[in-house]
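Please work through the exercises below with the sequence and the model open beside you, and try each task before you read its solution.

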Amino acid sequence: EDEMCLLDLEDADSLLLHVQDLVSQHLDEFPEDRLDDEAAGCAAKMAKASITDGTRDGHLRIIKHYITFHLRRNKNWDAKQVDDKTPHDITAFITQKCGPVEQGFEGRKYSTAVSTRAALTMWYKNLRPNESLTEWRLVNDGVTWRGLPTRSRIVSQFMVGLEKTKAKSGEVSSSARALALENIHRLHDHCMNPKLTLAQKRAGYVRNYYLVFLVAYLLAWLMLLRIDEVMKLRFENIDKVPGERKFLDVSLNTRKQNQTGVLHSWRLHANDADPVICPMRAFILLASLYGPEIKKSGPLFLHVSAQGAVMQSQPLTASALSRSLSRDLQSLGYSSWALYGTHSFRRGGCQYRIKVRKWSADQVAAWGGWSQVEAVTMFRYFYSPNDNHEYMHDYDRNY
């Protein structure tokens, strides 16, 4: 059960990067015409006062439904109160949206629950901007709670149970589909030779814009990194011995389960058999893109303007990488592009090591940073109902 909750939180982190897409896909399930009473008016005022201008209307609509739902049940309910009851408030609202119709609920899909949780995460982040985004815990006074209630054990257990219930009824899991080797090859070909629209060509788009994303894609996939870990890589984390052509070493300062420091490094070897996924070639590509003008310190992945200028003062962000992946997959014609997310690199890289490179489970566990007690989480990366199964008819082939 603990492992399932950990996996739920990892998926939630990944899906938060798609929060705009998630919310927009489900707005018709939160109609404005149901927000026309006194409670709804109060909810609208609170939401608009607490959410920053940069947050889109879609988040506000879900948040207004959330506040209205509780005010209609209890007119004294305080939307800005965050305590031990808040996780239960969240699960009660999601139950109303996604619970079974025969029990009086709306019967929405699990993806609605995911988008609702993402929107409510934004709500509580805006309410308490100085709180930790990675925890939910009771402090020593026995009264005050710190962190995000959407990350509480209560909400995670609820989401895991809801996903299982929906799966039993035939609904497909919303976990990210793995990016297989052939997907990485397609992304490489697209980024090396992007098919630009006429408007993009007129605007001066150049290949450089895509290359920095390509190298980030590859490192996430090869090293089984979470996307925030890729974005935290710095020039100082790359150890390339001058004249060495066979390998380079990559280190991380911290990662999710090693906040005090990562003791080992990754040695990435050249791959002449498959140059597309060769890390040495990828770094040569990045070095040629940056050129001698870029100072080799600070964040490794830098923003590149549409005209090809490298912006040292603007590090690439996880949300930019997420949007880039969605855009590139759509450009490649993937009708299932929405099934892929930033965790698709970690999932796909894990499956590549097992299925193609024939690594043992303990090798993958060490490489991906899974402990002995995280076996269930790692297995879920080996297999997901969303992964491609179109070759299943060849599984039992004897020739």
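The exercises that follow go from the whole chain to single helices and residues.

This is a predicted model, in which local features need pLDDT of at least 70 and side-chain atom pairs count only at pLDDT 80 or more, while totals for chains, interfaces and linings use all residues. Residues are numbered from 1 along each chain as its sequence is written, and side-chain values use heavy atoms, with hydrogens and water left out.

**Exercise 1. The whole chain**

Describe the secondary structure of the protein chain, and state what share of its residues is buried.

Solution. Begin with the elements: the protein chain has 16 helices and 7 strands, where helices (H or I, at least four residues) and strands (E, at least two) are DSSP runs numbered from the N terminus. Next comes burial, and of the 399 residues in the protein chain 52% are buried; buried means under 20% relative accessible area, exposed over 50% and partly exposed in between, with a 1.4 Å probe and protein chains only. Finally, take the contacts (heavy atoms within 4.5 Å) between residues at least 6 apart in sequence: 67% of them join residues at least 24 apart.

**Exercise 2. Helix 8 and its partners**

Compare the span of helix 8 with the expected one, and find which helices its buried residues pack against.

Solution. Helix 8 has 12 residues and reaches 17 Å from its first C-alpha to its last, which is close to the expected 16 Å; the expected span is 1.5 Å times one less than the number of residues. The buried residues of helix 8 are N183, I184, L187, H188, H190, C191 and M192, and they pack against helix 10 (208–223), helix 12 (279–290) and helix 13. By contrast, D189, also found in helix 8, counts as partly exposed, at 45% relative accessibility. The C-alpha atoms of D189 and L332 are separated by 9.8 Å, although these residues are 143 apart along the chain.

**Exercise 3. Two crossing helices**

Determine how helix 8 and helix 13 are oriented towards each other, and which residues make the contact.

Solution. Helix 8 (residues 181–192) and helix 13 (residues 318–331) pack at an angle of about 90°, and their axes are 10 Å apart. Here axes are lines fitted to C-alpha atoms, for helices over the stretch in contact, and angles run from 0 to 180 degrees between N-to-C directions. The two helices are therefore roughly perpendicular to each other, since angles under 35 degrees count as roughly parallel, over 145 as roughly antiparallel, 65 to 115 as roughly perpendicular and the rest as oblique. On the side of helix 8 the contact is made by L187, H190 and C191, and on the side of helix 13 by L325, D328, L329 and S331. Sorted by type, the residues of this contact are 4 nonpolar, 2 polar and 1 charged; Ala, Val, Leu, Ile, Met, Phe, Trp, Tyr, Cys and Pro count as nonpolar, Asp, Glu, Lys and Arg as charged, and the others, Gly among them, as polar.

**Exercise 4. Buried residues in helices 4 and 6**

For H59, T68 and A113, give the burial of each residue and one distance that involves it.

Solution. H59 lies in helix 4 (residues 57–73) and counts as buried, at 0% relative accessibility. H59 and L120 are 61 residues apart in sequence, yet their C-alpha atoms are 8.1 Å apart in space. T68 also has its place in helix 4 and is buried, with a relative accessible area of 1%, and its side chain reaches the backbone oxygen of K64 at 2.6 Å. A113, in helix 6 (residues 110–127), is buried at 0% relative accessibility. Between A113 and M159 there are 7.9 Å from C-alpha to C-alpha, with a separation of 46 residues in sequence. Leaving aside its neighbours within four places in sequence, A113 is in contact with I94, C98, M159 and L162.

**Exercise 5. Positive phi in two loops**

Where do L224 and K358 lie, and is each of them buried or exposed?

Solution. Most residues other than glycine have a negative phi. L224 has a positive phi of about 60° although it is not a glycine, and K358 likewise has a positive phi, near 60°. L224 is in the loop between helix 10 and helix 11 (227–231) and is buried, with a relative accessible area of 0%. K358 is in the loop between helix 14 (343–356) and helix 15 (361–368), and with a relative accessible area of 63% K358 is exposed.

Conventions
Polar contact = N/O pair within 3.5 Å; in protein donor to acceptor, adjacent residues only side chain to side chain.
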